[in-house]
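This report looks at strand pairing, nonpolar cores and aromatic ring pairs in one protein chain. Please keep the sequence and the coordinates at hand while reading.

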Amino acid sequence: MRAELVVDCINQHGEGIFWNPADGLVWWTDIEGCTLWSFDPSTLKSASRKMAERVCCFAPRASGGLIVAYADRVVLFDPDTGEESLVTEFESGNPETRLNDGRTDRQGRLIVGGMNEVSGKADSSVICIDTDLKVRTIIEGVSCANSTCFSPDGATMFFADTPDREIVAFDYDTASGSVSSRLSNTPLSRKNLAYLMAPAWMRKAACGMPNGKATASCVWRRTARSTA
């Protein structure tokens with residue numbers, strides 16, 4: 001495996017890279033640069049869109065457009081018109097926290113967590129935005145939510161609260177989008193570990209159509225389109 005520069009985007013804080021098969025583009029956000037980026041692997045051309053605020057994470061919607069997590073709220077966003085509609089505010093009573101990393105589950109819900117970017121205190125949370133746009137808190141006492149992803153069958157949710165330096169596995173109810181049975185420092189099974197490390201085309205063949213999330217070295221991590 002080798003890495004090569006394909007977009008010299010000079011991001012201040014590049015995050016949330018994913019592949020969207022609907023438009024054939026790789027998307028990501030420059031959080032501190034308040035910019036959405038896309039890259040077309042077929043033409044090697046990139047494009048960027050300046051946003052009014054920090055976009056902490058986002059996902060394409062099955063019905064078109066994006067669901068976007070700004071620092072303080074989640075909205076439905078139309079890239080063609082710039083119009084947005086509010087889904088929910090996030091922890092409006094806590095000036096130190098903001099939204100951070102997020103991922104869609106196999107059913108199209110958006111699971112997105114927060115962080116305390118001032119003191120680092122574990123006083124943020126992880127929320128689930130269901131396909132009907134109802135919002136529930138599923139994890140509390142979070143310092144910096146990161147790396148949410150799911151097992152191939154969707155029944156296990158992996159999660160990291162960055163300062164804890166551990167991977168946490170939850171039992172995930174695919175019918176309700178709720179978590180239970182938190183297991184810390186649990187070794188990943190060979191099946192799940194192989195899945196998380198596999199190239200995108202292998203996971204696409206095994207698990208249906210992904211959107212995918214890529215690291216800079218082109219290791220892909222599967223996600224689904226939000227149906228919210």
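Which residue in β15 is the bridge partner of Phe159? The model discussed here is a predicted one, and in it the bridge partner of Phe159 in β15 is Val168. Val168 also faces the other way along the sheet, since it stands opposite Ser184 in β16.

**The open sheet**

These bridges belong to an open sheet of four strands, ordered β13-β14-β15-β16 and paired in the antiparallel sense. Its edge strands are β13 and β16, the latter spanning 178-184, and each of the two pairs on one side only. From one strand to the next, the twist averages 25°.

The antiparallel pairing of β14 with β15 runs over four bridges, and the two strands form a hairpin with six residues between them, where Arg165 in the turn has a positive phi of about 55°. The antiparallel pairing of β15 with β16 runs over five bridges, and this hairpin has four residues between its strands, with Gly177 taking a positive phi near 75°. Besides the bridge of Val168 to Ser184, Tyr172 stands opposite Val179 in β16.

**The nonpolar cores**

Phe159 takes part in the packing as well as in the sheet: the largest nonpolar core has 14 residues, and Phe159 is one of the five that touch the most other members, together with Ile111, Val126, Ile139 and Met157. At least two residues of this core come from each of β11 (124-129), β12 (135-142), β13, β14 (156-161) and β15. With residues up to four places away in sequence left out, the contacts of Phe159 include Val126, Ile139, Val142 and Ala145, and also Ile167, Val168 and Phe170; polar or charged partners in the list include Asn146, Ser147, Thr148 and Glu166. A separate core of 13 residues lies apart from the largest one, and among its members are Ala59, Leu76, Val112 and Ile129. In soluble globular proteins, nonpolar side chains tend to be buried together.

**The aromatic pairs**

How many aromatic pairs does the structure hold? There are four aromatic pairs, and two of them are set out below. A pair of aromatic rings is described by the distance of the centres and the angle of the planes.

| Pair | Centre to centre | Angle between planes | Geometry |
|---|---|---|---|
| Trp27 and Phe58 | 6.3 Å | 80° | edge-to-face |
| Phe150 and Tyr172 | 4.9 Å | 65° | edge-to-face |

Trp27 lies in strand β2 (residues 25-30) and Phe58 in strand β5 (residues 55-60), so this pair ties together parts that are 31 residues apart in sequence. Trp27 is buried, with a relative accessible area of 15%, and Phe58 is buried too, with a relative accessible area of 7%. Through ring pairs, Trp27 and Phe58 are linked with Phe18 into a cluster.

Why is the pair of Phe150 and Tyr172 edge-to-face? The planes of their rings stand at 65°, and planes over 60 degrees apart count as edge-to-face, so the pair falls in that class. Phe150 in strand β13 (residues 145-150) and Tyr172 in strand β15 (residues 168-173) are 22 residues apart, and their pair links distant parts of the chain. Phe150 is buried at a relative accessible area of 2%, and Tyr172 counts as buried at 5% relative accessibility. Tyr172 thus combines a ring pair with Phe150 and a place opposite Val179 in β16.

Terms used: Residues numbered from 1 in each chain as written. Predicted model: local features only at pLDDT ≥ 70, side-chain atom pairs only at ≥ 80, totals over all residues. Heavy atoms only, no water. Phe/Tyr/Trp six-rings, centres within 6.5 Å; stacked < 30°, edge-to-face > 60°. Buried < 20%, exposed > 50% of the residue type's maximum accessible area, 1.4 Å probe, protein only. Pairing = 2+ DSSP bridges. Axes fitted to C-alpha atoms, helices over the stretch in contact; angles between N-to-C directions. Core = buried A, V, L, I, M, F, W, Y, C linked by side-chain atoms within 4.5 Å. Contact = heavy atoms within 4.5 Å.
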